[in-house]
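Trainee: Could we go through this model together? I'd like to know what stands behind each label.

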Amino acid sequence: MNKAVTIPQPALTALAQFPIAFSDGVDYTAAPGMAWAPGRVNLIGEHTDYNDGFVLPIAVDRVAAFAGRGRRDGVVRLWSSHYKAYAEFSLAGLPATFARQREALPGWARYVLGVVTELVNAGVTLSGVDAVIAGDVPLGGGMSSSAALEVAAAQACALFSRGKFTIGTEAAGLTPMQVAAICQRAEQIASGVRCGILDQAASCLGQPGRAVLIDCRSLEYRYLPFDAPNLSLVVIDTGVRRELASSEYNVRRQECEDATALLREIIMQREPGNEAARSITALRDITREQFNRYGAELPATLRRRAGYVIAENARVLQTVRLLETASFEEIGMLLWLSHAGLRDEYEVSCDELDTLVMIAKQVEGVLGARMLGGGFGGCTINLVRDEAVEPLRQAVEREYPPRSGRNATIDICRASGGPGNAWAR
Ligand code: GLA
């Protein structure tokens, strides 16, 4: 646990705040410890995860972090350095007391309660903790601040449970992918959004200089180098956050399930000899040929949704092949196409995201751009030649405020490491 790890700044910030936030003389079990986990960008493969498809995320150099000390009782007290607020819940009676305790907590603390509850469900024994939470993942902005918080919470639980469970290999405890699945369920029960596994898996699996291709059906994954020389990943935040994001997310997921069920019916009827049709359970299973042949029979909305998902899955696999030959110009083209699909067929974009993508398109040296994450606000991801970063910044500063009535924030992200934990030295 105390191997030479680089401790991210937000973990050190949380550690410095701990004695100020918790100064009431609790008898702690041990010295303070820290835990952290990164946010992510997704190069391509949006809204494909819950369709059993493919995603290609990169964990970034932004983290959510905990610094805390273990308690002898079953109390969890948290101080959020972002919200400047405390929250408290009890391990007693979980998971049965989850729903009641959730209602009494602010949104950010519900994610932590969710993780703790799902760890209990997985058979893990935990003890209480006092902890400060800090971080530098933009909140609610499409870089998965909630997944970073969840995975950091799991890392904190592993540290403060003092060896009762570990995160590493199957033999030694929970694998990173098992932790991702626990955190995905935590997100679902905390927020009511039926999210896929993209964000939590990206955070759990992050490695410096690498993107990770995840098959969201088998949960197999493989790393690909993402250390493009002279290229930057620029994330531009619209400054927009919309409630719609949660409700429409669940609607999209339902539409995909409906489209799958209808296509399965149609294919089984038209191709009685096609045994494979019986095992169609997700849009992943519909080939482009089948969609071209039968898609027109779907209601218009479902046709657009399914068409987008099927094309996006193919774009992920194309991007993987292009990464292997470092063909970044072509990858950029796939990003523009992905955005067009998210805007016109999947209908999860918004004016501000479209405006940022349009501005980026006019800047020479921007290879591609698209909205990132669930949609309805948040960020765009831009694949940019280094020399075009400054012109892009200037174009956004000049054109975005008059066209949207807002200011955008611009960040350059790097493919960085994954989650971790450490005792304070
Ligand atoms: C959100 C969800 C993910 C994924 C993306 C869209 O970030 O949490 O599971 O579905 O939207 O790709």
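Trainee: Let's start with Glu257: why is Glu257 called partly exposed?

Mentor: Its relative accessible area is 33%. Buried means under 20% relative accessible area, exposed over 50%, and partly exposed in between, using a 1.4 Å probe and protein chains only. So Glu257, at 33%, gets the middle label. Before we go on: this is a predicted model, where local features need pLDDT of at least 70 and side-chain atom pairs count only at pLDDT 80 or more, while totals for chains, interfaces and linings use all residues. Residues are numbered from 1 along each chain as its sequence is written, and side-chain values use heavy atoms, with hydrogens and water left out.

Trainee: What makes Arg253 and Glu257 a salt bridge?

Mentor: The N to O distance between their side chains is 3.7 Å. A salt bridge is a side-chain nitrogen of Lys or Arg within 4 Å of a carboxyl oxygen of Asp or Glu, so the pair at 3.7 Å qualifies. Both residues lie in helix H7, four residues apart, about one turn of the helix. Helices here are DSSP runs (H or I, at least four residues), strands are E runs of at least two, and both are numbered from the N terminus.

Trainee: Why is Arg253 called buried?

Mentor: Because its relative accessible area is 16%, and the buried label needs a value under 20%.

Trainee: Which residues are joined into one network by salt bridges that share partners?

Mentor: Glu248, Arg252, Glu255, Arg304, Arg305 and Glu347. Within that group, the side chains of Arg252 and Glu248 meet at 2.9 Å, N to O. Arg252 is buried at 3%, whereas Glu248 is partly exposed at 22%.

Trainee: How many salt bridges does a search of the whole structure find?

Mentor: The count is 33. Another salt bridge is between Arg77 and Asp130, at 2.7 Å, N to O. Arg77 lies in strand E4 and Asp130 in strand E6 (residues 129–135), so the pair ties together parts that are 53 residues apart in sequence. Both Arg77 and Asp130 are buried.

Trainee: Why does His82 count as exposed?

Mentor: His82 has 54% relative accessibility, and exposed starts over 50%, so the label holds. His82 lies in the loop between strand E4 (75–80) and strand E5 (85–90). Leaving aside neighbours within four places in sequence, His82 is in contact (heavy atoms within 4.5 Å) with Ile133 and Leu139.

Trainee: And Asp237, what makes that residue buried?

Mentor: Asp237 has a relative accessible area of 9%, which is under 20%, so it is buried. Asp237 is in strand E9 (residues 231–237).

Trainee: How do you know that Asp237 and Arg241 make a polar contact?

Mentor: Their side chains are joined at 2.9 Å. A polar contact is a pair of N or O atoms within 3.5 Å; within protein, one must be able to donate a hydrogen and the other to accept it, and residues adjacent in sequence count only if both atoms are side-chain atoms.

Trainee: Which part of His47 is 2.6 Å from an oxygen atom of the ligand?

Mentor: A polar backbone atom of His47. For Arg40, an N or O atom in the side chain is 3.2 Å from a ligand oxygen.
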